[in-house]
Amino acid sequence: MIEVKELTKRYGETVAVDHLSFRVRPGVVTGFLGPNGAGKTTTMRMLLGLDVPTSGEVTVNGRSYRHIPAPMCEVGALLDAKATNGGHTARQHLAWIARAGGIPDSRVASVLDLVGLTEVAGRRVGGFSLGMYQRLGIAAAILGDPDILILDEPVNGLDPEGIRWIRGFLQQLAAEGRTVLLSSHLMSEMEATADHIVVIGRGRLIADTSIAEFTRRSTGSHVRVVSPHAARFAPVLQGAGAAISHEEHALIVTGLEADRIGALAAEHRFELHDLAPRRASLEAAFMELTQGSQEYQGARSAATAVAPGVLAPTRMEN
């Protein structure tokens, strides 16, 4: 398990991470999200002992990363896929890392096969595509067969087959009881891969919850209710804490789940013709709930300005 406690990192007058606390538990894929400049990479660097916190602490299985006797066998990490010697072959690159970590050379062939690079193992990595670099970086992260994986933007540059592969691979690792922390700006992939998310903005915690709960909190999530008794049903729903807007022949209800709405209809004998939950996407919920935490924002288009709920793209630089 990874535990972050009141973690703070300052660079002069700039606060990159601000009293951040969360846990990454085994058995689930945890997504690590935040707008540009949120402090994700800085936090990951502190997890791995590459940056020293100004205050607070971060532990891996109850210890500082620096105090782990064989770190590659306990924690695997990918922060920069292109941090390689371009003159080395893929096999040489991994063999060098394996020797440095006290890992048997036989493991190199296994991970090359696992990430699909066996056929190019003898090629110099300087000629690799970004997707191939990513696969090589993942191979390096799993060399020690660690119980914890920390991956920063691992799907960048992967083709659809590669994205599908890494999604299944990470979910398999989590199913084995391993701890997986995954950072990405690709919201659709995060939604398809992660079970739980930690969202930060300007170095502070915004959310630490399941994806289902996070999207439920978005105003884009609602239940469409069609009833011949809509006019009389609306005050009942509002009395139960719902917000109501009106659509032709329907009520748009936020703040109550469909099962609660159905129970209220039955209790008050209101006939229902339709009860349809509509869940906001992770992208929509993320953009809505982090609007005040984005360090850099482009100007909204006129179409966005006149159409509330149409949100800016989620593809941002890290």
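**Close-up views of a predicted model**

**View 1. Pairing of strands β3 and β8 in the predicted model.** Leu-33 has Val-199 as its bridge partner in β8. The two strands concerned, β3 (residues 29-33) and β8 (residues 196-201), run parallel to each other and are joined over 4 bridges.

**View 2. The open sheet and the helix that packs on it.** The sheet is built from 6 strands in the order β5-β6-β7-β3-β8-β9, with mixed pairing. Its edges are formed by β5 (75-78) and β9 (204-210), each of which pairs on one side only. Direction ignored, neighbouring strands of this sheet are turned against each other by 15 degrees on average. Helix α5 (residues 160-175) packs on the sheet, where it touches β3, β6 (148-152) and β7 (179-183), and the direction of α5 makes about 150 degrees with that of β7.

**View 3. Surroundings of Leu-170 in the largest nonpolar core.** This core has 53 residues, and those with the most contacts inside it are Leu-94 and Leu-170. When neighbours within four places in sequence are left aside, Leu-170 is in contact with Val-29, Leu-149, Leu-151, Val-180, Leu-182 and Thr-193. Another core, of 23 residues, lies apart from the largest one and includes Leu-20, Met-46, Val-60 and Leu-181.

**View 4. The buried residues of helix α2 and their cover.** In α2 (residues 90-100), the buried residues are Ala-90, His-93, Leu-94, Ala-95, Ile-97 and Ala-98. Helices α3 (106-114) and α4 (130-141) are included in what covers these buried residues. After α2 comes Gly-102, which has a positive phi, near 70 degrees.

Key
Residues numbered from 1 in each chain as written. Predicted model: local features only at pLDDT ≥ 70, side-chain atom pairs only at ≥ 80, totals over all residues. Heavy atoms only, no water. Core = buried A, V, L, I, M, F, W, Y, C linked by side-chain atoms within 4.5 Å. Buried < 20%, exposed > 50% of the residue type's maximum accessible area, 1.4 Å probe, protein only. Contact = heavy atoms within 4.5 Å. Pairing = 2+ DSSP bridges. Axes fitted to C-alpha atoms, helices over the stretch in contact; angles between N-to-C directions.
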